Amino acid sequence: MPDSWPVNVAGLEELAAARLEPTAYDYYRSGAGDEITLERNRAAYARIELLPRVLRDVSEVSVETELLGEPAKPILVAPTAFHGLACERGEPATAEGAAAAGAIFCLSSLSNTPLERFAGLEGRRWFQLYVFKDRALTRELLDRAEAAGFEAIVVTVDAPVLGRRERDVVNGFDLPPGLTIACVGDRLPAEPGESGLAAYFAAQLDPSLDWGDLEWLVGRSGLPVLVKGVHRPDDARRALEAGASGVIVSNHGGRQLDTVPATIDMLPAIADAVAGEADVLLDGGVRRGTDVLKALALGARAVLVGRPILWALALDEAGGVSRVLGMLEEELRAAMALCGASGVADLGPELIA
């Protein structure tokens, strides 16, 4: 454990930047284009004001929610790529830290660790899927995820091509020797003056993905499917009609199309459109327990946290991941008490000023 651990999640990034290779830090940190959406994701929470209730019994506060019909913590580990850039153990360390905190861990298709390494590990796991041009490979990933004990598939739909992340272009981002896209056994193509990840997306992932493919995926998977990257209420409804068990309001952490709204600003209309028929989750910019509370009050069942997990992983591997999740949960619990809420069922739009 680092000698000086910050008192809040925002303090993690500066410490992690000092430990990471500059190219790895830029990869984790970067957004698309002018990074307007990247900044919006965070700034939007500051504009939302809370209007707490008083004189309510909050001697006991439960943060438990329900996801896919099962009790769960409302803070999940978002799917993020290449944890081997943060620490030698990579994704297994993240999964261990999430399990210690009682949080669901979502493994990325762009993991540095193969799916089979997670079979039998403690904790709950979802698998994030990119749909490859090679549909036989996509089917194989679905089968391997189910066999390895993953409980759900999170299909990412906001990346038909990779957003232009100019930090990665300048750095010519590539994976260092020894690290691969282990779920499929690939390396990034070396592209001088370009992002190797962008070249990989162009070569391997399917930009023709449409609603019929989502229906195929739901029918083919033996697991519940959540659709990640939803921006619009009409698309949320179409995802449900295609058989999805949930939608994740996400702009890919500001890494795809720049100048789209902050996810917290998109959430209320999407939650209204879903109308309780499926789970609604949110990621993007969550750094405080009050951010989690605002998302739950505006219609999300849970949030996913990305970059803070990577900073914590770089600082203290599994222990760091567990600690940052615990910090956010502790802040959420305190914020709920101060809003007069003893459980997540007490959180609704009436708490938003």
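**Helix packing around H2, H3 and H11**

The buried residues of helix H2 pack against five named elements: helix H1 (12–19), helix H3 (36–47), helix H6 (166–171), helix H7 (196–204) and H12. The model is predicted. Helix H2 spans residues 22–29, and six of its eight residues are buried, so H2 is largely enclosed by the rest of the structure. The buried residues in H2 are Ala24, Tyr25, Asp26, Tyr27, Tyr28 and Arg29.

H3, one of the packing partners of H2, also packs with helix H10 (residues 263–274). The angle is about 70°, and the axes lie 8 Å apart. H3 and H10 are therefore roughly perpendicular to each other, as angles of 65 to 115 degrees count as such. On the H3 side, the contact is made by Asn41, Ala44, Tyr45 and Arg47. H10 contributes Thr263, Ile264 and Asp265. By class, the H3 and H10 contact comprises three nonpolar, two polar and two charged residues.

H12, another partner of the buried residues of H2, covers residues 307–338 and packs with helix H11 (residues 289–297). Their axes come within 7 Å and cross at roughly 60°. That angle makes H11 oblique to H12. The crossing is right-handed. H11 supplies Gly289, Thr290, Val292 and Leu293 to the contact. From H12 come Leu328, Glu331, Leu332, Ala335 and Met336. The contact of H11 with H12 has six nonpolar residues, two polar residues and one charged residue.

How values were computed: Residues numbered from 1 in each chain as written. Predicted model: local features only at pLDDT ≥ 70, side-chain atom pairs only at ≥ 80, totals over all residues. Heavy atoms only, no water. Axes fitted to C-alpha atoms, helices over the stretch in contact; angles between N-to-C directions. Helix = DSSP H or I, 4+ residues; strand = E, 2+ residues; numbered from the N terminus. Parallel < 35°, antiparallel > 145°, perpendicular 65-115°, else oblique. Left-handed = near helix turned anticlockwise from the far one by under 90°. Contact = heavy atoms within 4.5 Å. Nonpolar A, V, L, I, M, F, W, Y, C, P; charged D, E, K, R; others polar. Buried < 20%, exposed > 50% of the residue type's maximum accessible area, 1.4 Å probe, protein only.
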